[in-house]
Amino acid sequence: DVDGDGVLSEREILQLFYVFTGGREWGTDFQKHWENVNTKTCDLPGVSCGGDGEVIAITPNNAKLCAGSSDCHGLPSEIGMLRSLQIIGLSGASKLTGTLPPEWGKLEKLNVLKLDKCSSLKGAIPTEIGNLKSLKILDLSSSGFTGQLPSELGQLSDLTTLNLSLNSFRGSIPSEISQMKSLKQLVLSRCKLKGRIPENIQNLQQLENLELYGNNLTGPIPSNLMGMVSLKRLDIFSNKLTSSLPAELGLLKNLQIIHLKENRLSGTIPAVIGVLPSLTWFDVSNNNITGTIDPIFGSSSSLVDLKLGGNRIHGPIPNTLCSNKKIHEGLASKYGCDAILCPLGTYSKEGYATSSSECKPCPSGQSSLHLGASSCVSISQREILAMFYDVMGGESWDEELRRGWKTLPNECDWSGVSCDDNGELNTLAFQMRQT
């Protein structure tokens, strides 16, 4: 309170912000104006005012906030008194320390809050964030926030973009997020989140981009996704998701990207996904997916990236894919089926042939267990029989024929398998079902 009247003016609040964040290190263009007490509030670099002269934006772009770390006292809570404030943009202030003040929850007109790439900010997101009912963009990505995601985020019904990626949260995704009916961008990637994806996430009918990759999420992909009719990008790779791919994905006609690699997904690939009219990228590599590839994928007019390696998929690869001229930049014209998945006994870095890494034969004494291998292993008699079981649809054999297969520790005890005294396979005999 410079003038001693007991009330902080907007100019005095901004001066606090300048002092708290080491303003003398911001840069000379800022310093000569901000330190001049005669500079009007609306003439300060990085400050914008509305028609009534009240501050509506604080965006000191290129200012070196807290460059002299000893002079940094963090974000002043008094900013919460700027009741006409609509925008706070402090992106990239990597040396800005402190926490997000709960008092900022009083900024009822705030539309945009950007504290992304403020890697020295710490602490939890205050629950008062839920009071910012006018907020449309909240970006706290690549910062140092911790704690649990507050359920009060669900009160931000006008929010269109929520980006909290690259922080170190704990706990799970609050189910209240499903109440954010205006949300179009939800980015919670690499946040160290655990637990399941909320089932009621389907309520986000405006959502176009869902990025949850690089966490420790478990459980299945919610099957009741039909409500997410606007979804274009589903990016939840590098988690611990289980169960099978929900066929309901094929009902989301706006989907362009499905990126589910490096999970623990099983089952087969639903053919209905292959008829999505806008799908350009489908990556389910490095899971436990079985079965074959439906020929419908080769008939897609939009698909350009199809990554299926590192699974338990077996042939035949459909001719519609082996002759496709769009997928993987038309590599099938040169490599045929190898451009989709490397065959058994071969491998490549990507699991399919590229100009820089063709499918190469496995070293002597090694093989690949399935199509699309990125490496070879020493393969045992048991693993060969297990592959035979998968390829031949063993799960559908009669109970007597599949007795012991892949369950008993000694493959010589599996139904129809006989071995010599050394445990080497010498007979594989059983009656196949007549059709």
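**Strands, cavities and rings: how each name is earned**

Modeller: In this predicted model, β10 and β12 pair in the parallel sense over 2 bridges.

Colleague: What makes β10 and β12 count as a pair?

Modeller: Two strands pair if DSSP finds at least two bridges between them, and a strand is itself a DSSP run of E with at least two residues, numbered from the N terminus. β10 and β12 have 2 bridges, so the rule of at least two is met. In one of these places, Gly-219 stands opposite Leu-241 in β12.

Colleague: Before we go on, how are the residues numbered, and which residues are used for local features?

Modeller: Numbering starts from 1 along each chain as its sequence is written. Because the model is predicted, local features need pLDDT of at least 70 and side-chain atom pairs count only at pLDDT 80 or more, while totals for chains, interfaces and linings use all residues, and side-chain values use heavy atoms, with hydrogens and water left out.

Colleague: How do you know that β8 pairs with β10?

Modeller: β8 is joined by 2 bridges to β10, which covers residues 216-219, and the two run parallel. Lys-194 has Asn-216 of β10 as its bridge partner, and Gly-195 stands opposite Leu-217, also in β10.

Colleague: In what order do the strands lie in the sheet, and which of them stand at the edges?

Modeller: The order is β8-β10-β12, 3 strands in an open sheet with parallel pairing. β8 (194-195) and β12 (240-241) each have a single partner strand, so they stand at the edges with one side left without a neighbour in the sheet.

Colleague: Why is His-259 called buried or exposed?

Modeller: Buried means under 20% relative accessible area, exposed means over 50%, and partly exposed lies in between, with a 1.4 Å probe and protein chains only. His-259 has a relative accessible area of 9%, so the residue is buried. His-259 sits in strand β13 (residues 257-259), and, leaving aside neighbours within four places in sequence, is in contact (heavy atoms within 4.5 Å) with Leu-234, Asp-235, Ile-236, Phe-237, Trp-281 and Asp-283.

Colleague: What makes a space a cavity, and how many of 30 Å³ or more are there?

Modeller: On a 1 Å grid over the protein atoms alone, a cavity is a set of points where a 1.4 Å probe fits but cannot get out, and lining residues have an atom within 4 Å of a point. The count is 2 cavities of 30 Å³ or more. The largest has a volume of about 60 Å³, and its lining includes Ile-197, Leu-210, Pro-222 and Met-228; this lining divides into 10 nonpolar residues, no polar and no charged. The second largest holds about 50 Å³, with Trp-104, Gly-105 and Glu-128 among the residues that line it.

Colleague: Why is the pair of Trp-26 and Phe-30 called stacked, tilted or edge-to-face?

Modeller: Rings of Phe, Tyr and Trp (its six-membered ring) pair if their centres lie within 6.5 Å, and planes under 30 degrees apart count as stacked, over 60 as edge-to-face and the rest as tilted. By this rule there are 13 aromatic pairs. Trp-26 and Phe-30 have ring centres 5.6 Å apart and planes at 85°, so theirs is an edge-to-face pair. Trp-397 and Trp-405, with centres 5.3 Å apart and planes at 85°, are likewise edge-to-face. Trp-397 counts as buried at 8% relative accessibility, and Trp-405 is buried at 3%.

Note on methods: On a 1 Å grid over the protein atoms alone, a cavity is a set of points where a 1.4 Å probe fits but cannot get out, and a pocket is an open set with protein on both sides within 12 Å along at least five of seven lines; lining residues have an atom within 4 Å of a point. Grid points are joined across faces, edges and corners, and a volume is the space filled by probe spheres set on the points. Ala, Val, Leu, Ile, Met, Phe, Trp, Tyr, Cys and Pro count as nonpolar, Asp, Glu, Lys and Arg as charged, and the others, Gly among them, as polar.
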